[in-house]
Structures are given as structure tokens and as C-alpha cells.
Amino acid sequence: MKNFHGLFSFTEAAAAGSFTAAASKLNLTPAAVSKNIARLESQLGVRLFNRSTRRLRLTAEGEAFRARTAAALRALDEAVAEASHARAAAVGRVRISVGVSFGRHYLPPLLPSLLAAYPELQIEVSLDNRAVDMLSEGFDIVIRGGVIEESSLVARRIARLPLVLVASPEYLREKGVPVAVAELQRHELLSVRTSGGAEIPWRFRQLHRRGTVEIPLSARLWLSDPEALLGLAAENAGIAQVGLHHAMPYLRTNRLKVVLRELHDTGDREIMLHYPHRLYLAPRVRVTVDGLLAGLAKNQDLHAKPEALPRHFMA
């Protein structure tokens, strides 16, 4: 059934008893309504109306056709109304993909208030460190950290993710506090290897020249999870390079200290929130994006800067 113009013209004419009234409602001319209905009758092979110069009356076949199409048209009206409601209100499920550590610590405190503010909103969070294909996997929002490449997705920055070197006070008492980059060679180094297999380099500022220098790692232990790496560092296993936001709870409780802050390069890593497009962005996605960004902007650990850390956080 492809003749929707004929179907709508028939329905309105049957309800109004007039081609002229139907034409007014459909914003067509009476001649166009008559032509649409004539084409529908030809397609069906039956006469739907008996016409005279003064009256328009449904035939028996027209009455039967009207009764059979009424339910379908109601369903169509309901579908249009539902889509319009979803367009105007935050209704439905939002699927979010986020790295394990970030998703575990920073998203849960924000979700209850979002759900309370939008009773018809549903949120599904997938915790995963792998790279995801946002469109093919059906995610509405993806949150990832790193050096962000050019992308066709809309990207909103949540925060910079500066790197720091940390070790436990006990380890530093036993092995000594490094004061020069070369001294790292005699220390146990703990490093992050991403789920894709890449190592995050250790870079340092040069004292008398611009730019940075990367040291070859002599790490004996690599982990893909920064939280596990911090746990090992806190257990006196060595010096770890981690994101400052991950380290902040350990620094506040004196379980870890920052080393080589003046020489260590904090890198250009960021955490970004991505979504597919701006045009016709569903309200369910828009309010979730806005709510997450507003909540994350208030998190002090996410926006901590190495140069602003208090002195007692240093080794």
C-alpha cells in the first residue's frame, strides 16, 4: 500500500462528508483530493464514494474499507505522537561506553540525579577499556581518555589528564628519592600498557633546552589497569606513572608521594565525551551529555594540576 495521499484524502473526506472540507484540512485543493481518491479507487478496484453535486456518501465497500483502515491509522497517529513526544522530552535509553576505572569512580555519583530529573530516561553503562565502534555498536555516548585524534564525532573535553610519577613513602625510604632522571635506572618502574598493547611513554623536560626527552623504559611490570598499578605502588613495588586524577585519593591519604615533579612531563592526554552528531540530537542524549559534563566539571580530582599540588604530596 503506497498510496498514502489517497488514503489520507479518503479518511478526511469520509469524516467530513466533503471533498472541500477534506481539502481544507489537508491543505490541498478539492480537485487534488478528488484525484487522490480516484487513484485509490482505481488501485483497489472498488468505488468508495457515491458522488453527486450536493452529496458525498460512502458506498458499502467504502464503509468496510474505512472500518478496516481505522485501526492502522490510529497506530500511525500513535507512532507519530510517540516520536514527537520523544523529540520534545528525554524519553528512552541512553547507552554509554566508558573506560573501566573512570566509569567506576566518576559516573555513578552523577546518575541518580539524572534519573530523578528525567523519570522516563534510562541509562545503560558499559565499562570497557577496548576501542569501540560507536555507530555500529549502538552507543549514544563514548567517554575515553588519551591523545584524541581527529574524528567525525562531536567531541567535548571533560578534562586534561596530566601524568605524575608516584611511589610509596616506604619504598622511597628504602630505595631513595630520585632527584635526577638518570637515577630512575636503579629503581623498580611500573608502567601502563593499554588494552591495545601500546605503552605510555615516560617523558621529561630538558633543563637547558626546549622540548622533552623520552627515556627507554626498563620497567619490570606492566598493567593495563591504572588502579591495579596504583595498588602495587602503594604496596612498595616501585615507581609508577599514572594519571593524577587516579592518584589523588592515594596522595591525600599519604599512601603515595609524587617524585620528579619539576622534571617529569605531564603529557597531552585528555578525557573526552563523544557523541555522533549535533543535528536532531535526541533529548535523552542531550540531557545526559549536559548532565554528565556539568557534574564532571565540579569534580576537583579531575581538574587537579601537578604544579598546584600541596607540598606535603611531594616526596
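**Figure 1. Contacts across the whole chain of this predicted model.** Take contacts, meaning heavy atoms within 4.5 Å, between residues at least 6 apart in sequence: 72% of them join residues at least 24 apart. The chain has 11 helices and 14 strands, taken as DSSP runs (H or I of at least four residues for helices, E of at least two for strands) and numbered from the N terminus. Of its 315 residues, 41% count as buried; here buried is under 20% relative accessible area, exposed is over 50%, and partly exposed is in between, using a 1.4 Å probe and protein chains only. About 17,700 Å² of the chain is exposed, with carbon and sulfur atoms supplying 52% of that; these areas come from the Shrake-Rupley method with a 1.4 Å probe, and for residues only the protein chains shown count as cover. A note on the ground rules: this is a predicted model, where local features need pLDDT of at least 70 and side-chain atom pairs count only at pLDDT 80 or more, while totals for chains, interfaces and linings use all residues. Residues are numbered from 1 along each chain as its sequence is written, and side-chain values use heavy atoms, with hydrogens and water left out.

**Figure 2. Close-up of H264 in its loop.** H264 sits in the loop between β13 (257-259) and β14 (270-275). Loop or not, H264 counts as buried because its relative accessibility is 3%. Its side chain makes a polar contact of 2.8 Å with the side chain of Q241; such a contact is a pair of N or O atoms within 3.5 Å, where within protein one must be able to donate a hydrogen and the other to accept it, and residues adjacent in sequence count only if both atoms are side-chain atoms. The H264 side chain also reaches the backbone oxygen of L163, at 3.4 Å. Leaving aside residues up to four places away in sequence, H264 touches L163, V164, L165, R203, F204, R205 and Q241.

**Figure 3. Helix α10 and what covers it.** Helix α10 (residues 244-252) is largely enclosed by the rest of the structure, because seven of its nine residues are buried. Those buried residues are L244, H245, H246, A247, M248, Y250 and L251. Their cover includes α5, β7 (163-167), α9, β12 (239-243) and β13. Just after α10, look for N254, which takes a positive phi of about 65 degrees.

**Figure 4. The salt bridge between E124 and R95.** The count for the model comes to 13 salt bridges, each a side-chain nitrogen of Lys or Arg within 4 Å of a carboxyl oxygen of Asp or Glu. In this view, the side chains of E124 and R95 meet at 3.3 Å, N to O. E124 is in strand β4 (residues 121-127) and R95 in strand β3 (residues 92-98), so the pair ties together parts that are 29 residues apart in sequence. Both ends are partly exposed, E124 with a relative accessible area of 28% and R95 at 23%. R93 joins in too: R93, R95 and E124 are linked in a network of salt bridges.

**Figure 5. Two salt bridges that involve helices.** One of them brings together the side chains of E227 and R104, at 2.7 Å, N to O. With E227 in helix α9 (residues 226-234) and R104 in helix α5 (residues 100-105), the pair ties together parts that are 123 residues apart in sequence. R104 is partly exposed at 42% relative accessibility. The other pair is E170 and R173, whose side chains meet at 3.9 Å, N to O. These two are three residues apart in helix α8 (residues 169-175), so about one helical turn separates E170 and R173. E170 is partly exposed at 39% relative accessibility, whereas R173 is exposed, with a relative accessible area of 63%.

**Figure 6. Aromatic pairs and a nonpolar patch.** The model has four aromatic pairs, counted when ring centres of Phe, Tyr and Trp (its six-membered ring) lie within 6.5 Å; planes under 30 degrees apart are stacked, over 60 edge-to-face, and the rest tilted. F102 and Y106 form a tilted pair, 4.8 Å centre to centre with 35 degrees between the planes, and both are buried. F10, F19, F49 and F65 form one aromatic cluster. Out on the surface, F4, F8 and L76 make a nonpolar patch of about 250 Å²; patch residues have over 30% relative accessible area and no salt bridge, with like charges joined within 9 Å and nonpolar side chains (Val, Leu, Ile, Met, Phe, Trp, Tyr) within 5 Å. F4 belongs to helix α1 (residues 4-16) and is partly exposed, at 43% relative accessibility.
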